[in-house]
Structure formats: C-alpha cells, structure tokens
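User: I am new to this structure and would like a close look at one part of it. Please pick a segment, describe what surrounds it and what comes next along the chain, and then set it in the whole.

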Amino acid sequence: MADKYIPQDIEPKWQKRWEEDKLYKAEKDPSKEKWYYLTMFPYPSGDLHMGHWYAMTPSDAHARYFRMRGYNVMFPMGFDAFGLPAENAAIKRGIHPKTWTYRNIDRMRKQLRSMGAMFDWDREVVTCDPEYYKWNQWFFLKFLEKGLAYRKKAPVDWCPTCKTTLAREQVIGEERVCERCGTPVIKRDLEQWFFKITAYAEELLDFSKLDWPEPVIARQRNWIGRSEGAEVYFTTEQGDPLPIFTTRPDTLWGVTFMVLAPEHPLVEKVTTPDRKAEVEAYVAAARRMSDIERESTEREKTGVFTGGYAINPVNGERVPIWIADYVLMTYGTGAIMAVPAHDQRDFEFAKKYGLPIRVVIAPPGWEGEELEEAYTGEGIMVNSGPFDGTPAPDPAIRKVTEWLEEQGIGKFAVNYRLRDWLISRQRYWGTPIPVVYCEKCGIVPVPEEDLPVILPEDVEFKPTGVSPLTYHEEFLHTTCPKCGGPALRETDTMDTFVDSSWYQYRYLSPHYDEGPWDPQEAEYWLPVDQYTGGIEHATLHLLYTRFFTKALRDLGLVDFDEPMIRLYNQGIILGEPREGDFVVVEGEWESEEANAFHAVRIRAIRDKEKPDPAVGPDFVQGEVYARDEVSVRLNVGGGRFVIVHVDEGTVIDIPDVPEATVMDLIYHLDAEKMSKSKGNVVAPDELVAKYGTDTVRAYLMFAFRWEQGGPWNSKGIEGTHRWLHRVWNLLLEEPQVKREATDQEIKSLRRKTHQTIKRVTQDMEEFAFNTAIAALMELTNLMMKLKETSAVYTDAWTEARDTLILLMAPFTPHIAEELWVRTGHEYSVHQQSWPTWDEALTKEEEITLVVQVNGKVRAKIPAPVGLSEEEAKELAFAHPKVQKYVSGKEIRRVIFAQGRILNIVVGK
RNA sequence: GCCGAAGUGGCGGAACAGGGAGACGCGACGGUCUCAAAAACCGUUGGGCAUUACGCCCGUGUGGGUUCGAAUCCCACCUUCGGCACCA
C-alpha cells in the first residue's frame, strides 16, 4: 500500500531541490533556440493575491511546455517597486517607503516561490534599486539630447488624492478619474517634463510586426486617434496667422464663422474693446469648469463673439470669430472653421446664436431649402467657386487639398489624439529626474558620470501632500555642472511607468554596470517572444514600452522595432457570487429614521414565491446583504438598507435548517473583481496550505478560459484536488488485477495515450489550458478503468503512465516530479522532452456511422473505418429505424459526408 | 454615436474548416462501504412527454435566410461587459 498524496510534504521538498540545483537558470546557449517568456511583474503591495496566481501560474505552465519542447527558456521575475502606496504607508504609519517596499518584496518573493514556478531568480530586478533607476536617468538624458524629452507649462491633470500630476493615459473614462485611486482629476497649470511619444504616433499605429490580440490593437488605435485632413491658413483681419485643421476641406466655402478655444493665445488680440468684458468672463468661467462638465456632449453649446474677424483664404470672405468651450485647445490648432451646414456641432451653435448657414454640399434632390440638421452625407459641391459640381466627399477632399497646396493656402495634414507622455510626478518614491535649475544656465542636465542621482533616504514624511524632496536641503541645493554656481535640483520624480517601459531588457543582466544591459545577452535573448498580462495595460504600459523600444532603437541601443512579439491577455478572477436569503422580519422599529429595526421573528424564504422587498410599521422584508451575530443588514428595495437587531429571544426560522442562528443566513455578494476593499478575497496562501500548490495551479487553469477569467467557485477546486489524488493512487497503489485485458482495450489505451499527447500539445499552442487538463482527466479515467485488468503489465500501460506524468509536468510540477521519480525514472521530469504522438495510433479503428433522415439523427451503426458510400447505404437501409423513416417515401438524395455521416433526404 | 468582446444545462465550460450539441469538472439524485458520518468508489443527470420499447418532441439570446445538414456562415435585432467620444 502506497502512502497518501500529501502535497504539503512533497511540494516544499521539490521546490528546495530545484532551487539548489538551479534547475531553471537560463543561460545563453547558441546551440539552442531561445524563448524569452515574460509575464508582467507585480507591484510589491505586500500580499500575492489570486489575480497574481491566475496571471502567473498558467504562464509558468506555458513556459515549462516550451522548455520541454527543447527551447532555451528564460522566465524572469522582479518587482515594480516604486510607487505611491509605499509613500502613503510612510505617511500613515511612519515606515520608510524603502523599508516597507523591501519588506513586502521579501514576503512576496516567498509567496512567489510557493507557486512552484520556473522563475530564474538570478535575474530578478527591483526597480527602486539605484542600480536599476540609474538607467531611467540615463535614458532621460539620452531622450533629452534627442529632443524626446522636454519641459513645458501646460494645463495638466492633477489627482487631489495622490497629490500628483498624471499622464493622459492615467485618467480613466468619462468621469475622468485617477487610474490608481478613482478620484476625479482636476486641471492645474504646471511646468512639467514630457516624453515625446507623439513623435512615434504614426509608427505606433503599425502593428504588422506584432502578434497581439485584436482588442489591444483596437484600443491603441483608438487611443492614438489618427485623422486625415488639411491644415488651412486662415488669418485674422489684422493679419495674424490662424491656421486650422479640418477633415472636410471640401466644405471650406461653407465657413460662416470661426471658433477659438477659450485658452487660444489670439483671443485677447482679436477681442474688440466692446466685447472684452463678456469674453473675459466667458474665459474665466470655462477655466473654472471641470473637464467633465466641459466635455459633456449633453450640454448645450455656449460661446461669445469676440468682435474680431478672420479672412477665409479660399474666397477672401470676412467671418466673425467666436470663442466656445466645445473647441479644445489640446486638439489640432485650438481653432476651428465652422461649417454649420455640414457639421452638427456648428449647426447647433449657429442656430442658437443666429449665425448664417450656407449649404456647400448639396444632398441628392436638394432644391435650396433650409436644412433641419447638418448634412454630412454624400453630395455635390455648390456655392464653392471653382469646385461647383464636384462630388463630395470623394474626390472633392483630395481635389480641394491639392488646390490648397497649389495656392499655398493649405496642405494635407494628419492629426492625432495622442498627447505627449507627462512623466513628472510630485512624489518622493520614484526616480529623481536628473536635471538642475541654475540661475545663470537655466535647465542643466546632470552629467552622465554623476549618475545615479540618488534618492535621499533621510527624509521626513509630513501629511502635507508635498514631496519631502522639496524640503530636503541637502538634496535640493547643488552646484551647476556647467558654471559651478548654485543650482536647485528638480524635485519631481518620474512616472513609475518609465520603470516598466524597459524592465524586460534589464532582466538580461540585472547587475551590469556598463550600460542598461549587456549587449551580448541582448543579442541572444531579445526581443521578448511571449508576453502575458492583463488588458488593462493596453493604453498604458503596453503603449509606453512600445514607444520606449522605438526610441531606444533610434538611439542605436536595440536593433528591432517592437519589444514583445506575442502578447496574450488573461482575464480577471472575480469574487464568488452569492444570492442572499430573502427574509421577512416581524418586530418593531427602534428608529425608522436611522433604519434600525428590532426583530422578534425572522423567517427565511427560499422558494421562488418571494414577496417584494418592503417595510411596514411592524415588519421589514428584503434580501440579506450582510450579517453578524447580533444584526442582519437587509436590502429592502429602492436602495434602502435596514439594520435588523437580533437578540436571544429572536426566533430564527430557516427552511431545512433546524435550530438556526443568524449566522446560517446567507448574504448577497455580487461577482466583483477580487479586492481587499470588497472583502471577497480568496487568499491563495490559505488554499495552498489546504490543497497544495499543484491543486491551486491546476484549478486556475482548468476552471476558466484563461482569456476570460470569471467568478471563483470554492467547490470547484475540490474536483481538481480529487483528480490529483486519483492520479496518485492510480500510479502508486498496487493494482488488484481481476481479469485479462482484451486486445481491444490495450489498443484503446495506446490510442487514448496518443490522442492525449496530440490534444494537450495543440491546446498548449492556443493557451487552452482548461481543455488540456480535461484531456488529461480523460486519460486518467480510462486508466482507472483498466487498472483492474492485466493491461497494467503491458508496455501500453507504461507508455500511458509516463505520458501522463510528462504531460502533467507543466501544470502540476511537484506531483509530476514525485511520480516520475517514484515510478523509477531519473530526476528531473522537468528536464525531459515533451512527448510526441504517432498520428496513426490516434486513429479510431471503428467508426459510428451516423444516419440522418432529413438532417435528423435516426440511427448510429458501428462500421469499419473507410467504408464506401455504397457500403454505408447498405448498412443504413438495412437498419430497422432507418426503414421506419424512409419506407414508402421518395428518396431524393443521399449525402455521404466525412466518411461517417449519411444523410438521406426523403420526400413526403 | 464609433470600436471591441461575449450570450450554449442548475454552475464553470467543450464542440478542429458547416456534419453525432453538452467533452471534462462542479452541484444534485440514487447506490456500495460504515454502528454512523466523512472520504472513496459505482450509477443517473439539458427540458418535456412517455416509461411498454428506450420511443417521440423541443433545445446553443431573438427573428429571418443560405444549405441535404447551422452553436458554427449571412442579414436584422435584443442583452451584458469593456474601450473611445463636442477630436473639428
């Protein structure tokens, strides 16, 4: 009798052994094909949660599969260690961010090791280490030289909670909230550092070298927001240039007014004295308004006339200049030509302020009548001088643009929604930006040889919201590298997304000090072959890192265009959803205003005839949303919640639960993203302690489609655990042979073995971990059936056994290793080759001929493989059930498909 | 409004390129073992009507269509989730 499967014993044992043997150390080996496998590194928040496990363990299985396939796989891990939580911990609890961060890293490193993943810890990077962030600073200086980093004053997004500016990408949704904390952002005018990502806008739209999921590409495309059109050189009446961007140059003759953004630099100049007061009031109001209000499409458009006029270069017409907040300073030139007849926004504005509307694209059948709304469809140009009669928009746009260029009054132009990446953060725990401000020399970069600019550790954290660097005298005051005079250091630090923009390269040689990475390592390992992570980074990290790689390429540091060739996005694990009990509570109000009720009797109603949620003078009824020993929180409908107080005298009545207490009531929980604040976290550590790592890994891969994720099911994990127990007993317990196996059975075992290799291999290629494990379970089930036969003494059995262990190795590495060694093989299963299948052996020997009559399955007849249509017909028509449906009917057609389906089409 | 993803049993999910819908697992029900329970093992399990065959009907969000044959292809629509949006 073999001993029991006790994962708590075998898992630590093997983890220790693998580590001692450096089993997963990835070393350059030009004789082997490399495979750089990367999964997004975590922020060291202090605890690994289920989301990390869900992201990392399937990646690990996939990486292990490639390793067994013979690739030289590098699978590194590290920590994205700069960021605000560390600083908040410092302010709240008086722990230094560095202490907090490194303590968390230690803890998480242990938790990560418990995954049994093949991470190569010799390559670990920690981004808050000066040996790492030195290179952030070095890149910054290179970017500065190349004109890819610059400083400007601009109205920027500011998060009042995080007390720092944010990049455009870090402001989420229509509510314009902070990506980190969900607080609505506000605008502030500040001098900030930017990376010129817009220089690569066009190239970033080229996804041809990437094998990335379409949704990510779509989001990046959306974000970059390219539109083609023309720039047209309007001027003010005084002669100041007033260029505008339009996508419809064919409507230029329909311009009846111009609109400037309230912040436009020419506003002051074009405003006439009599309009000044009104214009200034409008500008001030626009500035006060939040972006949410301002950009709301629901709002009626407002604006004021400046008194100034502009000249339309196509016909010399004088048109009034207005200002309106629906024109954004940040897009195009901050000014538009208004064509009310052919743009709905301009139309509404013109209607409201009584401005003229001139049709220049005649809709089909138009006879000069007034338009009800802007016409944006196809038509013929009218009232457009030399272009009358041209079909619009095509070829009108092209022809007009060519003409504008000939006339020198405009040109073809492309505009992007993408803005430059704001990297300044008014926080302490980040990479210091390596510049100083000298009274004489202005902005002076810190010389390369003085890097890194070390983040001082002896800082004081005050809950003022100001970075402690701003009052750290020693850090602040320095000398100018150019003139030697007094200078002040930049106190802003870099966005932490800078760190993660190039970490994939630092893994190559985390301690290399002659450059950001060792070029010899880079030559072999780069670029990343497979990257995995969440889609939420589509327009953040994934856009930034593409930009970085292109910039590094232009600096001559890498010789490829894209950082990660293949990308796969896993989904999100949600909390376990539950429906609450519906209860009717009798008792009395303690305070109806305070929604407090005292219960005399609580009845749970679990059938479908629940009453509606309601309250009355002596009862409340609704769904249980929370409970403890002395109270129940009820949703009584209409968004109202009542706290029902329970005491010893309260009668609790729950169907099928004798002597029930309040604690037996189940309460409602929506399926929400697992997070601590929602209180629905399943702690992986606890599950590992209970079931072992292999079970948790296998369950995460089996129960969900990886790209989709879904709600956790605490019962489901038992099934995978049972499977591992079954495999253990199957392979280690002495067989109790009861009878001889038939040849058929032995053949079927070989067939199943080879079919399983094929299925698992193909599923691995598609990240279909769930069906791969299902296939392994099927093989297990068949072997269970045959274990009481003499099949166990055959080669087919040994082959099946070894195959099962080898195929399990990527998913459940510990039990696989233990079984491998215990079945008499040499350590380590993780150094074995992936099994291959013999196609001939996967073929069934007999088929089931499916006979359909008019498309409905009427009979299933066992038949030999490769039977002819004639033979199939013979079998089918001889079958009594087929007879029943075809006799006496006209046979119209017979279709023989796939060699195993026969469809007989009969008449009535 | 534009773009993207997805709708299949009580649940998670299978179904290669148009050919047997529901693999695998959870849950449920019945049984074996046990003083009993748990575990383990065996069986049943889409719905309905029948249960005398294991027989018939219905069934992949809805409505049409193409086809000998549709979860799969086409058209229209509904629902859910996500991204973008006064972008000129």
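Analyst: The part chosen is helix H7, and what covers its buried residues includes helix H6 (201-204), strand E8, strand E17 (410-416), helix H16 (541-554) and strand E26 (564-570). Contact here means heavy atoms within 4.5 Å. Helices (H or I, at least four residues) and strands (E, at least two) are DSSP runs numbered from the N terminus.

The model is predicted, so local features need pLDDT of at least 70 and side-chain atom pairs count only at pLDDT 80 or more, while totals for chains, interfaces and linings use all residues. Residues are numbered from 1 along each chain as its sequence is written, chains are lettered from A and ligands numbered from 1 in the order in which they are written, and side-chain values use heavy atoms, leaving out hydrogens and water.

H7 spans residues 214-224, and its buried residues are Val216, Ile217, Gln220, Trp223 and Ile224. Seen down the helix axis, these buried residues fall within an arc of 130°, so they line one face of H7. The arc is that of the directions from the helix axis to the C-beta atoms. Buried means under 20% relative accessible area, exposed over 50%, and partly exposed in between, with a 1.4 Å probe and protein chains only. An α-helix has 3.6 residues a turn, so residues three or four places apart point the same way.

After H7 comes Gly225, with a positive phi near 60°. E8 covers residues 226-236 and runs antiparallel to strand E9 (residues 241-246), with six bridges joining the two. Strands pair if DSSP finds at least two bridges between them. One of the bridge partnerships links Glu231 to Phe245 in E9. E8 and E9 make a hairpin with four residues between them, and Gly239 in the turn has a positive phi of about 105°.

Elsewhere, positive phi values also occur in residues that are not glycine. Lys163 has a phi near 55° and sits in the loop between strand E3 (149-159) and strand E4 (164-166). Its relative accessible area of 31% makes Lys163 partly exposed. Asn383, not a glycine either, has a positive phi of about 50°.

As for the whole, chain A contains 26 helices and 39 strands. Of its 908 residues, 53% count as buried. The C-alpha atoms of chain A fill a box of roughly 105 × 85 × 80 Å along the principal axes. Among contacts in chain A with a separation of 6 or more, 71% come from residues 24 or more positions apart.
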